[in-house]
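Please open the structure in your viewer and keep the selection tool at hand. We will go from stop to stop, with a note on what to select each time.

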Amino acid sequence: MKIAVSGKGGVGKTTMTAWLGDYLARQGHNVWLVDADTALSLGQACGLDMAEMPTALSQRPDLVQERIRPAGQGGMMMLNPHVSDLPEVLSAPLKVCGPPLGDRAMGEKRLLVMGAVTSANGGCACEASALLKALLAHLVLERNDWVLVDMEAGVEHLGRGTVAHVDHLLVVSEPSMRSLQTAGQVARMAADLGLKKQTLILNRASTGQADNLPALENLPNHCVRLPVIDQLREKQLHSASVLGLDLAAQGELDAFMKNLLCQLGR
Ligand SMILES: Nc1ncnc2c1ncn2[C@@H]1O[C@H](COP(=O)(O)OP(=O)(O)OP(=O)(O)O)[C@@H](O)[C@H]1O
Ligand SMILES: [Mg+2]
């Protein structure tokens, strides 16, 4: 299944992506975690040191040139560049942190970093963007693994149609009017692109708040509530990783993930 995670800034998109990726790998699935945010924080949230971080695709003008305008093609731009080897070439392995769930061997998690597409680094922005889109399309349409895309805050990415082909959109929001309004905008834009399977993740919310959401237009019909995970708040002061929590916090998260996957039909 291919999932994009979107929502307003700071609502917990990266945390959610890291947690879901770990849960799925613990169930035995192979998972691609795709950092499509320019802030590049998914690797750290998954416990990767900066030194182990894979190079972002946007930082590889050599690859962009080689795949988009290959030698011997008279400088022609390839509309259908060869990308099937790139996920393995560009990614780094991530450690699965929680205990296994069920009898299957743990799956593999790999991190792929897209990076900011600008005209810096000697490349042309439209060429880097074409390769990035082709790579994302390959992962989403041609791989059987789970793919989780951690997106930039807001609606920009959806506007560019980068994630048009994913199966499901998780719209993360806090229980606040501004955050829910952005969630509604994200959900509407995604629906306009044909991505109608959507779930609202109400993060850091009490049951009272979840039961009393304002009647805003366009919010996804299904909502799953995630409470504040106190141990994460303490841990964040000393660690960028959101994984490796204690048993109580892990149990709380596992119950949430079970419920969420049920919503996704898994
Ligand atoms: N349920 C939760 N309980 C406790 N802390 C949380 C929870 N969800 C997220 N956080 C914390 O909130 C902060 C923001 O989360 P995160 O970085 O995942 O947000 P984001 O939406 O990806 O932000 P950005 O828009 O900057 O990419 C992090 O410090 C994270 O650890
Ligand atoms: Mg983030």
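The tour begins with the whole chain and then visits helices, loops and strands.

**The whole chain**

Start with everything selected, and keep in mind that this is a predicted model. Coloured by secondary structure, the protein chain shows 10 helices and 8 strands. Its radius of gyration is 18 Å, close to the 18 Å that the globule rule gives for 266 residues, so the chain is as compact as a globular protein of that length. Turn the view along the principal axes, and the C-alpha trace spans about 65 × 40 × 35 Å.

Now switch on the surface. The accessible surface of the protein chain comes to about 12300 Å², and 49% of that belongs to carbon and sulfur atoms. Of the 266 residues, 49% count as buried. How are the contacts spread along the sequence? Among contacts between residues at least 6 apart in sequence, 74% join residues at least 24 apart.

One more look at the whole: colour by charge. The chain carries 24 positive and 27 negative charges, and the mean positions of these two groups are 3 Å apart.

**Helix H1**

Select residues 13-26, which form helix H1. What span should you expect for the 14 residues of H1? At 1.5 Å a residue, the helix should span 20 Å, and its end C-alpha atoms are indeed 20 Å apart. Is H1 mostly covered or mostly open? It is mostly covered, with 14 of its 14 residues buried. Just beyond the helix, pick Gly28: this residue follows H1 and has a positive phi, near 105 degrees.

**Helix H7**

Next, select residues 177-192 for helix H7. For the 16 residues of H7, 1.5 Å a residue gives an expected span of 22 Å, which agrees with the 22 Å between its end C-alpha atoms. Which residues of H7 are buried? They are Ser179, Leu180, Thr182, Ala183, Gly184, Val186, Ala187 and Ala190. While you look down the helix, it helps to know that an α-helix has 3.6 residues a turn, so residues three or four places apart point the same way. H7 is followed by Gly194, where phi is positive again, near 100 degrees.

**Two loop residues with positive phi**

Now look for positive phi at residues that are not glycines. Leu40 is one of them, with a phi of about 50 degrees. You will find Leu40 in the loop between strand E2 (31-36) and helix H2 (42-45). With a relative accessible area of 36%, Leu40 is partly exposed.

Then jump to Arg204, which is not a glycine either and has a positive phi of about 55 degrees. Arg204 sits in the loop between strand E7 (198-203) and helix H8 (207-211). Its relative accessible area is 38%, so Arg204 is partly exposed.

**Strand E1 and Ile3**

Select residues 2-7 to show strand E1, and pick Ile3 within it. Is Ile3 buried or exposed? At 0% relative accessibility, Ile3 counts as buried. Show what surrounds Ile3: leaving aside neighbours within four places in sequence, its contacts are Leu20, Trp146, Val147, Leu148, Val149, Val166, His168, Leu170 and Leu264. For a distance to try yourself, go from Ile3 to Leu33: they are 30 residues apart in sequence, and their C-alpha atoms are 9.9 Å apart.

**Strand E6 and Ser173**

Go on to strand E6 (residues 168-173) and select Ser173. Ser173 is buried, with a relative accessible area of 0%. Not counting residues up to four places away in sequence, Ser173 touches Val11, Ser179, Leu180, Ala183, Leu200, Ile201, Leu202 and Asn203. Among these, Ser179, Leu180 and Ala183 were also in the list of buried H7 residues. From Ser173 to Arg233, 60 residues apart along the chain, the C-alpha separation is 18 Å.

**Last stops: Met151 and Asn212**

Select Met151 in strand E5 (residues 146-151). Met151 counts as buried, at 1% relative accessibility. Its C-alpha atom is separated from that of Ala205 by 22 Å, with their positions 54 residues apart along the chain.

Finish at Asn212, in the loop between H8 and strand E8 (222-226). With a relative accessible area of 62%, Asn212 is exposed. Asn212 and Pro175 are 37 residues apart in sequence, and 9.6 Å apart in space from C-alpha to C-alpha.

Conventions: Residues numbered from 1 in each chain as written. Chains lettered and ligands numbered in written order. Predicted model: local features only at pLDDT ≥ 70, side-chain atom pairs only at ≥ 80, totals over all residues. Heavy atoms only, no water. Helix = DSSP H or I, 4+ residues; strand = E, 2+ residues; numbered from the N terminus. Rg over C-alpha atoms; globule rule 2.2 N^0.38 Å. Buried < 20%, exposed > 50% of the residue type's maximum accessible area, 1.4 Å probe, protein only. Contact = heavy atoms within 4.5 Å. Areas by Shrake-Rupley, 256 points an atom, 1.4 Å probe, with all protein chains shown as cover. Lys, Arg positive; Asp, Glu negative; His and termini not counted. Charge placed at Lys NZ, Arg CZ, Asp CG, Glu CD. Expected span 1.5 Å × (residues − 1).
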